[in-house]
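Visitor: I would like to go through this model step by step, with the reasoning behind each answer. Could we begin once the sequence and structure are in view?

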Amino acid sequence: MAQAVVDVAETLQALPDWSAAPGDRPAIRRKLVFADFNAAFGFMTRVALMADKMDHHPEWSNVYNRVEVLLTTHDAGGVTQLDLKMARFIDEAAKALGGE
């Protein structure tokens, strides 16, 4: 089932730790810092397991204790409820593992 695109500004009101991604495509992003690489990798593992369950995968990068996450729904051409659901899960996982 195709996902409807939602307004990025509206979405960000519900996600205070996220921001609009720079560039031409509608996307949201969050930068996280953890205590160490192990905590960052643990966070990424939790998110990866949920991403497979949702069949909705983030774009991300990791350098030691830092993780940058970008969410957009490629086949919808923007941010959808899937991204909002994933962002909320990411916020919970980050909090559980001490990410800021």
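**A walk through the model**

Guide: In this predicted model, serine 61 stands opposite glutamate 68, a residue of strand E4.

Visitor: In which strand is the place of serine 61?

Guide: Serine 61 touches Arg66, Val67 and Glu68 when residues up to four places away in sequence are not counted, and the residue standing opposite serine 61, glutamate 68, is in E4. E4 is joined to an antiparallel strand by 5 bridges, and the place of serine 61 is in that strand, E3.

Visitor: Is serine 61 buried, partly exposed or exposed?

Guide: Buried is under 20% relative accessible area and exposed is over 50%, with partly exposed in between. Because serine 61 has a relative accessible area of 39%, its class is partly exposed.

Visitor: How far apart in space are serine 61 and aspartate 7, C-alpha to C-alpha?

Guide: In sequence, serine 61 and aspartate 7 are separated by 54 residues. In space, taken from C-alpha to C-alpha, the distance between serine 61 and aspartate 7 is 25 Å.

Visitor: Which residue in the turn of the hairpin formed by E3 and E4 has a positive phi?

Guide: The hairpin of E3 and E4 has 2 residues between its strands, and valine 63 has arginine 66 in E4 as its bridge partner. Most residues other than glycine have a negative phi. In the loop between E3 and E4, a residue that is not a glycine nevertheless has a positive phi of about 50°, and that residue is tyrosine 64.

Visitor: What is the order of the strands in the open sheet?

Guide: The edge strands, each pairing on one side only, are E1 (19–20) and E3 (59–63). E2 and E4 pair with each other in the antiparallel sense over 6 bridges, including the one in which isoleucine 28 has leucine 71 of E4 as its partner, while E3 is joined to E4 by 5 bridges. The open sheet of 4 strands, with antiparallel pairing, therefore has an order that can be written from one edge to the other, namely E1-E2-E4-E3.

Visitor: At about what angle does H2 run to E3?

Guide: The elements follow one another from the N terminus as α-β-β-α-β-β-α, which comes to 3 helices and 4 strands. Of these elements, H2 lies across E2, E3 and E4, and its angle to E3 is about 165°.

Visitor: Which element gives the largest share of the largest nonpolar core?

Guide: In soluble globular proteins, nonpolar side chains tend to be buried together. The largest nonpolar core here has 24 residues, and those touching the most other members are Trp18, Ile28, Phe34, Phe43, Val69, Leu71 and Ile90. Two or more residues of this core come from each of helix H1 (8–13), strand E2 (28–33), helix H2 (37–54), strand E4 (66–71) and helix H3 (81–96). The largest share, 7 residues, is given by H2.

Visitor: Is histidine 56 buried or exposed?

Guide: Histidine 56 lies in the loop between H2 and E3, and, with neighbours within four places in sequence left aside, histidine 56 is in contact with Ala51, Thr72, Thr73, Leu82, Asp83 and Met86. Because its relative accessibility is 6%, histidine 56 counts as buried.

Visitor: Is aspartate 55 buried or exposed?

Guide: Aspartate 55 is found in the loop between H2 and E3, and its phi is near 55°, a positive value in a residue other than glycine. Because its relative accessible area is 62%, aspartate 55 is exposed.

Visitor: What radius of gyration does the protein have?

Guide: The C-alpha trace spans about 35 × 25 × 20 Å along its principal axes, and buried residues make up 39% of the 100 residues. Among contacts between residues at least 6 apart in sequence, 64% join residues at least 24 apart. Because a compact globule with 100 residues would have a radius of gyration near 13 Å, there is agreement with the value for this protein, 13 Å.

Note on methods. Residues numbered from 1 in each chain as written. Predicted model: local features only at pLDDT ≥ 70, side-chain atom pairs only at ≥ 80, totals over all residues. Heavy atoms only, no water. Core = buried A, V, L, I, M, F, W, Y, C linked by side-chain atoms within 4.5 Å. Buried < 20%, exposed > 50% of the residue type's maximum accessible area, 1.4 Å probe, protein only. Contact = heavy atoms within 4.5 Å. Axes fitted to C-alpha atoms, helices over the stretch in contact; angles between N-to-C directions. Rg over C-alpha atoms; globule rule 2.2 N^0.38 Å.
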